[in-house]
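Student: I have a chain in front of me and would like to work through how its sheet and helices fit together. Can we go through it step by step?

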Amino acid sequence: MKISKIMGRGAFAFAAVATLAVAPLAAQAKDWRGWNIHVEDYPVSHGMEAFMAEVTEKTDGALKGKVFHAGVLGSQPDAIEQLRLGILDFGVFSLGPMGQAVPETNVVSLPFVFKSVPQMYKLMDGAPGEALGKALEAKGIVALGYYDAGARSFYNSIKPINTPADVEGMKVRVMNNDLFVGMIESMGGNATPMAFAEVYQSIKTGVVDGAENNPPSYESTSHFEVAKYYSLTQHLIIPECLCMSKKTFDKLTPEQQDIVKMAGKHSTDLQRKLWQEREMASMETVKAGGVEVNEIADKAAFQASMAPVYDKYLAANPDMTELVNLFRNAD
Ligand code: BDP
């Protein structure tokens, strides 16, 4: 009797210890840190907030976190490294700067590789996007969905750009990736890779004459106030990735992983819808702000002038030929 009592107590004590060992683990799951370069009122930002909120709700609060907006957690290239190390848990990254860490993603940074934004959706949601997802995963990044970032066009403080020759001699800020340096050089311009946060001041003080971006970024950063010519070259359509650190993802239960994937899909759908609305609103804002917007009569001339970017890239990375062709030759 006594013995069984002791055993009983022992079993109880064991159970208590086991609960203690398990419960704090769940409760202590560290709060996720989400990196975002954009201001709080931006399609990417709303998509990320919706993602985190859904994950928290569907896991009954077991997974919590915070989105840090406006690049307060550091520059994009640094953040990509931190994501891989698990210092950051999730974020939305342009596949432009991603190319330095995951070379396969460079394929979407080739000028005019996509024929249109709808084609970009189709390819990124299909087998080509999956191939990029695998490459990201091999580098410690889990792609949960591809956000829309529209098409990037040139803006500057000097004059409208109508032909590639207009870029000659211009100092143009680009994102961190050698491909973009080559792109500007192929038109005779001087490229300056620079962090997003520094562009406004650099245009204002004449360190650079201009930059290139999609309408929502041109507007939300107030770049349009210091670079009044926006020329719709639409030379780059670069999707963005709602990405998680594989280190964080691998710690989740299979059920939690499903929740995260589903929340990623929902947030992608939401972001794409918000993007369309914001793009139109941004164009209205910049025009009302006195920007001179010009369409490009002959986009083929820009396409032709940027062809050397492909040649140089494929010569240096022959193993990427198949992947580039998969995108370039798609319908
Ligand atoms: C924006 C992208 C952001 C980039 C930025 C840039 O959303 O990820 O950092 O362009 O030009 O469109 O640096």
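Tutor: What follows is a set of questions and answers on a predicted model.

Student: In what order do the strands of the open sheet stand?


Tutor: The sheet is open and has five strands, and their pairing is mixed. From one strand to the next, the twist averages 25°. The order is β2-β1-β3-β10-β4.

Student: Which strands stand at the edges of that sheet, and why is one side of each left without a neighbour?

Tutor: An edge strand here has a single partner strand, so one of its sides has no neighbour in the sheet. The two that fit this description are β2 (65–68) and β4.

Student: How many bridges join β4 to β10?

Tutor: Strand β4 covers residues 141–147 and runs antiparallel to β10. Along this pairing, Tyr 146 stands opposite Cys 241, and Gly 145 has Leu 242 as its bridge partner. The number of bridges between β4 and β10 is six.

Student: Which residue in β10 is the bridge partner of Val 92?

Tutor: Strand β3 (residues 90–94) is also antiparallel to β10, and five bridges join the two. In β10, the partner of Val 92 is Leu 242.

Student: Are the residues of β10 buried or exposed?

Tutor: In a regular strand, side chains alternate between the two faces of the sheet. One side of β10 carries Glu 240, Leu 242 and Met 244, and the other carries Cys 241, Cys 243 and Ser 245. Both faces are covered. Of the six residues in β10 (240–245), six are buried.

Student: Which helix packs on the sheet by touching β4 and β10?

Tutor: The direction of this helix makes about 30° with that of β4. It spans residues 254–288 and is helix α12.

Student: How are α2 and α12 oriented, parallel or antiparallel?

Tutor: Two packed helices are described by the angle between their axes and the distance between the axes. The axes of α2 (residues 43–58) and α12 come within 8 Å and cross at roughly 155°. Angles over 145 degrees count as roughly antiparallel, so α2 is, relative to α12, roughly antiparallel.

Student: What is the handedness of the crossing of α2 and α12, and how many nonpolar residues has their contact?

Tutor: The crossing is right-handed. Residues of α2 in the contact include Val 44, Ala 50 and Phe 51, while those of α12 include Ile 259, Leu 270 and Trp 275. By class, the contact also has six polar and three charged residues. The nonpolar residues number eleven.

Definitions and conventions. Residues numbered from 1 in each chain as written. Predicted model: local features only at pLDDT ≥ 70, side-chain atom pairs only at ≥ 80, totals over all residues. Buried ≥ 20, exposed ≤ 12 C-beta atoms within 10 Å, placed from the backbone. Helix = DSSP H or I, 4+ residues; strand = E, 2+ residues; numbered from the N terminus. Pairing = 2+ DSSP bridges. Axes fitted to C-alpha atoms, helices over the stretch in contact; angles between N-to-C directions. Contact = placed C-beta atoms within 7 Å. Parallel < 35°, antiparallel > 145°, perpendicular 65-115°, else oblique. Left-handed = near helix turned anticlockwise from the far one by under 90°. Nonpolar A, V, L, I, M, F, W, Y, C, P; charged D, E, K, R; others polar.
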